[in-house]
Amino acid sequence: MPPRLNKRQQRELEELEALNSAKPTSSLDEISEDEDIPGPSQRRGGGTFSNFLAPEDSEEDEAEQEEEKAPKSRKSKKKKKKPTEGAAVDAPTSKEPAKTTRTSTPVPPVRNEKKALKKARAKEKKAANDELDQVLAELSIQYPASQKISQATTGKQSLADLLSVSLQHLDGEAEMRRFFGSRVVTANRTEQSSSRKKVPAVKSHLTRPQPTWWAAKGREGLSLRPLSDEETEAKLKRHGWTPMQEKWWTVEYSKKYKSMTKAFMDTVLSGDPQGFWDLLGTLPWHADTLLQISEVYRHREEHAQAVDFIDRALFTYERSFIGSFNFTTGLNRLDFDHVENRPFFLALHRQVTDLQRRGCVRTAFEFSRLMYSIDPWNDPHGALLHLDFLAIKAGMQQWLVDVYDIFAERRASGSVGQDTRLNPSVLPGWAYARALALRVSEDATKEKDHTKSTNALKEALHDFPSVVPLLADKLDVSLPANIRAHRDFKIETDAYSLSLPVGTLHLLSHLYVQRSLPLWKEHATWFTSTATEAFSTLPSSLPVTERRKSFLFQFENQNLRYSVYRHIMVLETSYRRLFSFIPRQVLEAKSLACDPLPPPTSINEYDAQFFHSVDDLYSPRVRSRRQRANDERRLAQFIPDAAFRQQLQAFFDAHPHFAERFPGGILQFAQMAGQLPPDVLEDLMLVEAVNAAPGAMPGGLDNMQDDNDDNLVEVDFIPAPVQAAPAPAQQRQQAVAEADSEEEEEEEEEEEEDQEEEEYISASYFLLPRTRGPMPRVLRNILGRFWGRNAQAEESSSEDEAPLDNTGVD
């Protein structure tokens, strides 16, 4: 039998065979002319393994592979290749020993052929790249929108390029794995998901779908559409913007999703957290409900669960973007004026906040850039207020400098007075962050000349002196006395005596210092020396620079101020003391956690007009036959007794006003009854039973005034003589006074709550019509089933009570 070859030898022989079959003449030309190697012998050698290798050589190579694992063994293997390959070529001509000893191995030609193949592949790849560049150039000529998005000079990145999101950096778990290792990150999650049923993986750029999530079907009631030309024109007119080459989109709700949102708002106004879980049972991918549950977990400091529900909300919206909305172009915008889009902004903002809490600064930067790119002109949730810190923290300081330069050139062109789009180059945090970014870049390249960064810091100090005393106090450095005593360096703690733009300036100064303090600790000396040099001589009042004028002009716009206020309100727990800079009328305005501070240019809100002609989620018209069957099955699991279920259904049918309090029907009542205190539940049911008569007033007072109604039992608390004439007026007044005194003594003796409740139940019973006499027994039965009371005990307790006379008095 021919010897068995190892994998390395088989691979080498296959390469030799392919090269010899492709170019049989090239290898022969390179061999010496003195050697006479016939062609047929080579063809036979290329066809069978036995002609290429001797048994001794194969055994020797196998031993080398098993024993030699160090890097030095590679050299020895390469040296032993030559006799092996020589023997493989000379095996067919073993009858001519003189020729076999002189025959050289074909290894050099093989190496040359490999190099030639590599060069050919490189040329093909280069040609393919050239073709791709040519196609992109043609597309840029046909669609010049991306070339006109900014006024950046040639050779620099455009604004669209700077706003394009890197999808690979949207994974927070990947960043945590780089720091802590995959075992640490996945250990807890593996334990939680090991007992759950695995579901097929779903692709997502914004989240990492978990096996514990509900199955996603379609787009779950959300769809995306572009704004029409009329809508886009109306938006530009509302905001006072000039047209630009960009595309605006908005999300739309389906009828079912709208009815779910209506039920969600009812639950929010009711203040019942359990109601959110009931809503998820109907539509598990409702973004507002998911975000509200996330807030519940966050207040409980259960951050892992809070993050999970934020991811689900992001995943819900991402599915509606499939096929139309792209994060990587930097040209797509989402209209914040539509209430349907605001949950996505809110989910992004909370995701950024939580990523910073976990230390995933690179991922937090990418999500902030995404939040900024979908509405850079209003920045409704203040993404720029995150980016001035995260860009330097994540090592993206060059990105910050590039964005700053683009907008600074735009401001210098004189278009600021005509366009109210937000300009980051006029923000105090970005001015200081740019100087710090230049300094960090100089330190990274070990440059000794810090003139550029120092000049940038001096400009920031003159433009926004309100940051100087705040940052100096946080860094615990001393400033000259002339700076401390100057009125332009006064620290403001509220904005009650300031104009709205100036108050916003001081608010942003406090916010930047509080967030970016760790970045300045290493540069405290540089900051102190630069500030001392910049303000060596101070006039009585610092001049207002052009950049500060631009800031005050921009923040005359109410929309931009609301963006800053909204940013602080979402971060309520961390920046609560900054609420003093928010106007009182803004804080007192109606605002919900699901839609914090709607913009002044809002088109719609969650109000009666938005839910006009929307059916109730729990109405029988909306609920399908399958949903009603599921409710009956769940009710049967909760209340196994069929007779009791019928009794409860009869009570609901007889009291429609009571049923209206529970839109989920008997199932919702059964779920909540176990959580209500017994006295509250008794009061609800007894009052409804009292008011159940047709046209009855509360307490049955109108029935008492009806003399023709024979179904009432009159209650007379004044004892009357049986066989006597009516008493005189004085005797009757005396009897009434005695009765009143007796009643007062009884009320003083009966001070405990249980006895008062018994009197209330007895009085309610006497006011009921006679046709509804058995109702209290029904109520007691229902309450006994819920609270574990024994019916016989109730009957015995009722028998122990004092007997009643014909008038119903003890």
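1. Let's start at Trp520. Setting aside neighbours within four places in sequence, Trp520 is in contact with Tyr432, Leu436, Leu457, Leu471, Leu475, Tyr512, Trp526 and Phe527. Keep in mind that this is a predicted model.

2. Those contacts make sense once you look at the core. The largest nonpolar core has 145 residues, and among them Tyr432 and Trp520 touch the most other members. The biggest contribution to this core comes from helix H24 (residues 500–520), which gives nine residues. Apart from that core lies another one, of 10 residues, including Ile639, Leu648, Phe651 and Phe669. As background, nonpolar side chains in soluble globular proteins tend to be buried together.

3. Stay on helix H24 for a moment, since His510 lies there too. Is His510 buried or exposed? His510 is buried, with a relative accessible area of 8%. Leaving out residues up to four places away in sequence, His510 touches Leu470, Ile491, Glu492, Arg577, Leu578 and Phe581. If you want a distance to check on screen, try His510 and Thr493: they sit 17 residues apart in sequence, and their C-alpha atoms are 9.1 Å apart in space.

4. Now hop over to helix H13 (residues 274–282). Which of its residues are buried? Gly275, Phe276, Leu279 and Leu280 are. These residues are on the same side of H13, because they cover an arc of only 150 degrees around the axis. As for partners, the buried residues of H13 pack against helix H12 (255–270), helix H14 (287–299) and helix H15 (303–320).

5. A quick word on cysteines. How many disulfides does the structure hold? Zero. Two cysteines worth finding in the viewer are Cys360 and Cys594. Cys360 is buried, with a relative accessible area of 1%. Cys594 is buried as well, at a relative accessible area of 6%.

6. Finally, zoom out to the whole chain. You'll find 38 helices and three strands. Of the 810 residues in the chain, 42% are buried. The accessible surface comes to about 45,600 Å², and carbon and sulfur atoms account for 51% of that. Looking at contacts between residues at least 6 apart in sequence, 74% join residues at least 24 apart.

How values were computed. Residues numbered from 1 in each chain as written. Predicted model: local features only at pLDDT ≥ 70, side-chain atom pairs only at ≥ 80, totals over all residues. Heavy atoms only, no water. Helix = DSSP H or I, 4+ residues; strand = E, 2+ residues; numbered from the N terminus. Buried < 20%, exposed > 50% of the residue type's maximum accessible area, 1.4 Å probe, protein only. Contact = heavy atoms within 4.5 Å. Areas by Shrake-Rupley, 256 points an atom, 1.4 Å probe, with all protein chains shown as cover. Arc of directions from axis to C-beta. Disulfide = S-S within 2.5 Å. Core = buried A, V, L, I, M, F, W, Y, C linked by side-chain atoms within 4.5 Å.
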